[in-house]
Amino acid sequence: MAGARVAILTVSDTAATDASADRSGPVIQSILTQSGYVCRHLVIVPDDEIRIRTVVLGWCDQGDIDWIVTTGGTGFGVRDRTPEAIKPLLEREAPGLVHLLLSASLQSTPLAALSRPVAGTIRHTLIVTLPGSVKAVQENLVALLNGGVADHAVELVRGGSGRAVHAALAAEGVRVPEGSVSSADVGAGASESGGAHHDHHHHGHGHAPPQSRSVLSHDSSLPARHRESPYPLVSVAEAYLTVLREIQPLSVAEAPVTPHLRGHVIAEDVLAPQNVPATASTNVDGYALRSTDPPGIYKVLGAQTHSLSNPLPLGAVFRVNTGGPLPAGADAVIMVEDTRLHSTQRTPLGEAFEEDEIETLAAVPRGENVREPGSDVRQGELVLERGTVVHSAGGEIGTLAFVGRTMVNVVRRPVVALLSTGNELLDVQSPNPLPSDGWGGIWDTNRPSLQAAIEGLGYQVIDLGIVPDSLEAHVAALRRGLESADLLLTTGGTSMGVGDLLKPVIERHLGGTIHFGRIKVKPGKPTTGRSERVPVFALPGNPASALVMFHVFVIPALRKLGGWPESSCRLPSVRVQIQESMRLDPRPEYHRAIIKASITGFKAYSTGGQRSSRVASLKGANGLIALPARGEKGPSRLEIGDFVEAIIIGELQME
């Protein structure tokens with residue numbers, strides 16, 4: 001529901017001591033934020049009934065939370081006490097929502113029968129308990145968000161009529177049965193008949209995530225075309241979860257440990273093949289000696305004059321550099337700073353060229369400045385887990401090199417085939433003016449900007465060029481892309497024009513499936529499908545729309561193909577304070593902005609006009625402000641100083 005306020009409570013003993021272990025809470029926050037909800041709180045508590053109740057009742061008492069979602073503690077484990085903590089607090093239970101949650105999970109695994117969700121209301125707040133796993137959370141949220149179930153429930157709990165939800169569904173062609181609005185809006189006739197209105201809401205509100213079904217696109221060989229899109233509108237959250245569900249990681253391959261490994265995902269548990277360090281070594285520049293050697297004058301030996309395997313002679317020290325090994329018999333290292341030069345070796349001409357003797361100024365205990373074998377990493381120790389992303393900061397590649405790994409198994413990185421469609425387009429590098437009455441066409445902006453974004457993320461791009469608006473050209477180009485790449489990305493040709501051929505080509509000529517054809521979002525209504533097991537993303541032709549939808553949907557798809565954990569597929573988001581008032585649209589909107597970090601938090605500045613064709617709105621932008629849809633009774637704009645979530649698409653700036 002647009003602007004509805006949500007609080008998320010993660011119940012986990014583990015996450016309560018290590019917040020990084022909480023995977024489900026951030027996933028819930030991400031999905032609900034994309035659906036237009038405003039996430040006010042994300043709190044972690046241990047599996048303790050008193051702590052759970054205290055937080056939940058505190059939120060309900062504040063009166064500014066519309067929906068509380070908990071995750072974790074709903075199973076049969078000894079410490080799973082979330083249902084016992086929540087159920088006594090409920091003023092009205094919602095068994096229908098419980099049935100919906102269980103039904104959604106049971107479609108994936110019979111083990112869902114062991115889940116014990118509860119749902120209901122506390123005063124004017126809806127509360128729903130979800131399982132602890134990311135997969136189960138996603139399945140349950142799809143069920144709650146499909147068809148506006150959660151939206152409708154929240155609106156009714158807040159005292160609304162539900163008419164806005166019904167009107168939206170009716171506009172999309174969904175049948176809305178009688179008797180499905182709040183009893184506050186039931187007419188006199190219903191009251192006189194004993195209030196026969198029922199409140200079960202067993203009506204087909206909506207849109208299950210699209211599955212393989214009959215072909216909906218128009219037949220491009222016929223002159224007639226659709227006047228209204230046959231594809232249902234789906235929410236951003238539904239579309240995002242569909243992308244994650246339909247796309248599976250690519251195959252595993254062995255790769256050399258080089259800087260080119262960045263961006264890959266490790267496909268094995270990496271164990272240290274040997275101790276690091278392999279032998280006793282030092283962590284300072286100095287001289288190896290025996291801890292029993294008192295301060296005094298000693299002969300200086302080095303690698304050129306003494307073998308490491310031979311015991312260190314009495315009356316001598318061995319010069320070492322940081323990281324170097326100790327000779328046999330030495331068990332401590334004195335730092336250079338704690339010594340004094342006593343004498344030097346000289347050339348026949350009398351020139352000093354090497355230390356001969358030094359004076360040690362202090363006694364050093366056994367083990368001083370010494371790294372014992374295996375003190376950094378022991379043989380067989382886990383150094384990188386399967387699923388670790390190799391980041392460009394260098395830590396993961398450094399770890400592999402540190403333990404001596406030369407090869408490692410990784411998930412293949414996807415190759416992207418990219419094309420633009422339209423007779424009106426000109427390639428900026430090889431312009432061929434179109435024959436016309438003074439109109440020479442428009443520059444293809446999408447292909448070079450998307451290629452820059454994709455290659456900037458480290459993915460290989462196959463440029464298929466500009467494809468004219470003909471059926472044969474579309475089929476041939478898409479076939480080339482499907483045969484040569486792991487993901488096919490197109491721009492243009494997704495609307496209702498005669499030359500908009502992508503959906504018909506995917507469905508009617510390539511045997512593919514359209515998973516969703518329209519998304520309720522501004523800017524753009526991208527299409528996603530699959531043909532021959534290759535995901536196809538058809539982005540809008542307007543440049544700003546194409547780039548925004550690329551960051552929202554295509555990057556998560558590329559990451560999922562590359563084996564990234566689902567909880568990390570979406571770009572990160574932060575809570576920002578807007579510095580200009582922003583008008584709300586009936587659709588959720590991604591407003592291009594410049595985000596700056598300050599001592600008081602993150603501030604967001606609009607990049608100006610947000611028209612979908614204005615690619616300049618992305619110049620300098622490093623964030624997308626997730627504006628909620630304008631509600632029936634909600635505000636028409638957000639004011640300066642309001643807080644909202646924003647997706648980070650570039651490097652943050654400092655205030």
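**Exercise 1. Determine how strand E1 is joined to E3 in this predicted model, and place E1 in its sheet.**

Step 1. E1 and E3 run parallel and are joined by five bridges. Within this pairing, Leu 9 stands opposite Thr 70 in E3.

Step 2. E1 also pairs with E2, again in the parallel sense, over seven bridges. Here Thr 10 faces Ile 44 of E2.

Step 3. In general, strands of a sheet pair through backbone hydrogen bonds, in either a parallel or an antiparallel manner. The whole sheet is open, comprises six strands in the order E2-E1-E3-E6-E5-E4, and has mixed pairing.

Step 4. The edges are occupied by E2 and strand E4 (92-93); each has a single partner strand, so one side of each lacks a neighbour in the sheet.

Step 5. Burial completes the description of strand E1 (residues 5-11): six of its seven residues are buried, that is, under 20% relative accessible area. E1 is therefore largely enclosed by the rest of the structure.

**Exercise 2. Characterise the pairing of E5 with E6, and describe which helix packs on the sheet.**

Step 1. Strand E5 (residues 119-122) and strand E6 (residues 125-130) are paired in the antiparallel sense, over four bridges. Ala 119 stands opposite Val 128 in E6.

Step 2. Helix H6 (residues 134-145) packs on this sheet and touches strand E3 (67-71) as well as E6. The direction of H6 makes about 145 degrees with that of E6.

**Exercise 3. Give the strand order of the open sheet of three strands, and identify its edges.**

Step 1. The order is E8-E20-E9, and the pairing is antiparallel.

Step 2. Strand E8 (252-256) and strand E9 (265-266) stand at the edges with a single partner strand each, so one side of each has no neighbour in the sheet.

Step 3. E8 pairs with strand E20 (residues 407-411) in the antiparallel sense over five bridges. Ala 255 lies opposite Val 408 of E20.

**Exercise 4. Describe the largest cavity: what is its volume, which residues line it, and which strand gives the most to the lining?**

Step 1. The structure holds four cavities of 30 Å³ or more. The largest cavity has a volume of about 90 Å³.

Step 2. Its lining consists of Thr 33, Gly 36, Tyr 37, Val 38, Cys 39, Arg 575, Ala 626, Pro 628, Phe 643, Val 644 and Glu 645.

Step 3. By class, the lining has seven nonpolar, two polar and two charged residues.

Step 4. At least two lining residues come from each of strand E2 (38-45) and strand E36 (643-648). E36 gives the most, with three residues.

**Exercise 5. List the buried residues of helix H7, and state which residue just after H7 takes a positive phi.**

Step 1. In helix H7 (residues 149-157), the buried residues are Ala 150, His 152, Ala 153, Val 154, Glu 155 and Val 157.

Step 2. Just after H7, Gly 159 adopts a positive phi of about 100 degrees.

**Exercise 6. Summarise the protein as a whole: how many helices and strands does it have, what percentage of its residues is buried, and what percentage of contacts joins residues 24 or more positions apart?**

Step 1. The protein has 15 helices and 37 strands.

Step 2. Of its 655 residues, 49% are buried.

Step 3. Among the contacts with a separation of 6 or more, 73% are between residues 24 or more positions apart.

Notes: Residues numbered from 1 in each chain as written. Predicted model: local features only at pLDDT ≥ 70, side-chain atom pairs only at ≥ 80, totals over all residues. Heavy atoms only, no water. 1 Å grid on protein atoms, 1.4 Å probe; cavity = no way out; pocket = protein on both sides within 12 Å on 5 of 7 lines; lining within 4 Å. Points joined across faces, edges and corners; volume = space filled by probe spheres on them. Nonpolar A, V, L, I, M, F, W, Y, C, P; charged D, E, K, R; others polar. Buried < 20%, exposed > 50% of the residue type's maximum accessible area, 1.4 Å probe, protein only. Pairing = 2+ DSSP bridges. Contact = heavy atoms within 4.5 Å. Axes fitted to C-alpha atoms, helices over the stretch in contact; angles between N-to-C directions.
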